[in-house]
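I opened my notebook to work through one protein chain, a bit at a time. Here is what I looked up.

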Amino acid sequence: MFFRHWRRKRILRDHLIPQTAWETTVSNLPLLHGLTEDELLRLRQLATLFLHEKSLEPVEGLQLDHAMRYDLAAQTVLPILNLGIDWYDGWTSLVLYPDEFATRQDWMDEAGVVHARREIRSGEAWQIGPVVLSWADVTASGGCEGYNAVIHEMAHKLDMSNGAMDGCPRLSDAMTAAAWRHAFKPAYEDFCRRVDDGEETPLDPYAAEAPEEFFAVMSEYFFEWPELLHQEYPAVYEQLAQFYRQDTLCRLASLAASFSS
Ligand SMILES: [Zn+2]
């Protein structure tokens, strides 16, 4: 632990993301605009550590320059701004495709016959193993429009922090699994019913796939469009604010107020 701490201090001293490049990254990502100077400095430090501790692996001809790396890292560490980089322990690779990618999954039917299924994806997070993202989806994220493929996959990684990917991450002592369930279960059931009824929900219907997808998609809205999440499922917003230790609603509202004044 001591060595790790010492190593991180050296990285931050010698390799902190340069100021000008960082300012460009922040200005390109509306998602970050409500953060205070202190929060932006901590985010820059976390992004720096992330780039040193994880290996970004572009495939299929994708070329990554510094600006792209900073842009990705800034969004990746936003969920752990007040949790710490240790929450991303246990995996090292982030594989990046230029665009959506096909995955092959084998599954066995009741008769014991194995079938192969191909699916087109924008991201993937493995229980023990890499995160996979499509760069086209990374660039479509961060605009405060409710979609964020990076935060989605990171939410899956955080969800796995207590072992299972089930829509409930490891909770702090100040939180309880009962309160989490009390907020998420009825919201998920209500959302599934609305989607099944064919309602045009303002939230992405993909959230109805499974409780873990609901958590990941609600995390996207928590950071990208908290007003909408708060309007639809305020109790879910409250639990996410406690888990992430961020008040995104207040942050983006104060930003809107500063624009109008
Ligand atoms: Zn997902």
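Which residues of α6 are buried? I found Ala149, Val150, Ile151, His152, Glu153, Met154, Ala155, His156, Lys157, Leu158 and Asp159. That is 11 of 11 residues, so α6 is mostly covered (buried means under 20% relative accessible area, exposed over 50%, partly exposed in between, with a 1.4 Å probe and protein chains only). Helices (H or I, at least four residues) and strands (E, at least two) are DSSP runs, numbered from the N terminus.

Before going on, I noted that this is a predicted model, where local features need pLDDT of at least 70 and side-chain atom pairs count only at pLDDT 80 or more, while totals for chains, interfaces and linings use all residues. Residues are numbered from 1 along each chain as its sequence is written, and side-chain values use heavy atoms, with hydrogens and water left out.

**Around α6.** I checked what the buried residues of α6 pack against: α4, β5 (123-125), β6 (131-134), α5 (135-139), α8 and α10 (234-244). Contact here means heavy atoms within 4.5 Å.

**The zinc ion.** I looked up its protein donors and got His152 (NE2), His156 (NE2) and Glu213, which is listed twice (OE), at 2.0 to 2.7 Å. Donors are N, O and S atoms within 2.8 Å of the metal (3.2 Å for Na, K and Ca); water is not among the atoms, so sites may look incomplete. Along the chain, the donors follow the spacing H-x3-H-x56-E. Histidine 152 sits in helix α6 (residues 149-159) and glutamate 213 in helix α8 (residues 211-224), so this pair links distant parts of the chain, 61 residues apart. Both histidine 152 and glutamate 213 are buried.

**The core.** I then went to the largest nonpolar core, which has 74 residues; Leu96, Phe214, Leu240 and Tyr244 touch the most other members. Such a core is a set of buried Ala, Val, Leu, Ile, Met, Phe, Trp, Tyr and Cys residues joined through side-chain atoms within 4.5 Å. Not counting residues up to four places away in sequence, phenylalanine 214 touches Phe184, Ala187, Tyr188, Phe191, Ala207, Tyr233 and Val236.

**Tyrosine 70.** I found tyrosine 70 in helix α4 (residues 66-77). Why does tyrosine 70 count as buried? Because its relative accessibility is 11%. Leaving aside neighbours within four places in sequence, tyrosine 70 is in contact with Ile17, Pro18, Ala21, Thr25 and Leu51. Threonine 25 is 45 residues away along the chain, yet the two C-alpha atoms are separated by 6.5 Å.
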